[in-house]
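Reader: I should like to be guided through this structure by questions and reasoned answers. Where would you advise me to begin?

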Amino acid sequence: MEKILIAVDDGMPQHGHGLPTALQMTAYLGNGKNRTDGVRFNMRGWQKFKLDISAIETADTITFNLVF
Ligand SMILES: [Cu+2]
């Protein structure tokens, strides 16, 4: 199996701080899916999740924006 590294950068861009907890990939669920725990929001507003994903011959970045 090819080793995949996922780095997570999260937080509230308008406030300049991260989440109060650290995200962790806790399980591989198969078929390219992973379980992530540790997401806790302590305030409303714009939350940004940036995932830097890298494997042996490729890398990509995806950003999720949540507003609530
Ligand atoms: Cu904030």
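**Strand pairing and exposure**

Author: One may begin with a single pair of residues: serine 54 has alanine 59 as its bridge partner in E5. The model is a predicted one.

Reader: How many residues lie in the hairpin that joins E4 to E5?

Author: Strand E4 covers residues 46-54, and its pairing with E5 is antiparallel, over 9 bridges. Strand E5 covers residues 59-67. The hairpin passes from E4 to E5 through 4 residues.

Reader: Which residue of E5 is the bridge partner of phenylalanine 49?

Author: E4 and E5 pair in the antiparallel sense. Serine 54 is bridged to alanine 59 in E5. For phenylalanine 49, the bridge partner in E5 is phenylalanine 64.

Reader: In what order do the 3 strands of the open sheet stand?

Author: The pairing in this open sheet of 3 strands is antiparallel, and the order is E1-E4-E5. E1 and E5 each have a single partner strand and stand at the edges, so one side of each lacks a neighbour in the sheet. The average twist from one strand to the next is 15°. The order, to state it again, is E1-E4-E5.

Reader: How many of the 9 residues of E5 are buried?

Author: A residue counts as buried if 20 or more other C-beta atoms lie within 10 Å of its own. Across the chain of 68 residues, buried residues make up 0%. E5 lies largely in the open, because the number of its residues that are buried is 0.

Reader: Over how many bridges do E2 and E3 pair?

Author: E2 covers residues 24-30 and E3 covers residues 33-37. The two strands form a hairpin with 2 residues between them. Glycine 30 has lysine 33 in E3 as its bridge partner. E2 and E3 pair in the antiparallel sense, and the number of bridges is 5.

Reader: What is the phi of asparagine 31, a residue other than glycine?

Author: Asparagine 31 belongs to the loop between E2 and E3. It is exposed, because 5 other C-beta atoms lie within 10 Å, and the limit for an exposed residue is 12 or fewer. Its phi is positive, with a value near 55°.

Reader: Is lysine 3 buried or exposed?

Author: Lysine 3 is found in the segment before E1. Its C-alpha atom is separated by 6.1 Å from that of alanine 55, although the two residues are 52 residues apart along the chain. Within 10 Å there are 7 other C-beta atoms, so lysine 3 is exposed.

Reader: What pattern does the chain follow along the sequence?

Author: The secondary structure comprises 0 helices and 5 strands. The C-alpha atoms fill a box of roughly 40 × 20 × 15 Å along the principal axes. Among contacts with a separation of 6 or more, 33% are between residues 24 or more positions apart. Read along the sequence, the pattern is β-β-β-β-β.

Reader: In which strand is confidence highest?

Author: The average pLDDT of the chain is 89, and 99% of the residues score at least 70. Where pLDDT is low, the predicted coordinates should not be read in detail. Confidence is lowest in E1, residues 5-11, at a mean of 87, while the highest, at 96, is found in E5.

Definitions and conventions: Residues numbered from 1 in each chain as written. Predicted model: local features only at pLDDT ≥ 70, side-chain atom pairs only at ≥ 80, totals over all residues. Pairing = 2+ DSSP bridges. Contact = placed C-beta atoms within 7 Å. pLDDT = per-residue confidence, 0-100. Axes fitted to C-alpha atoms, helices over the stretch in contact; angles between N-to-C directions.
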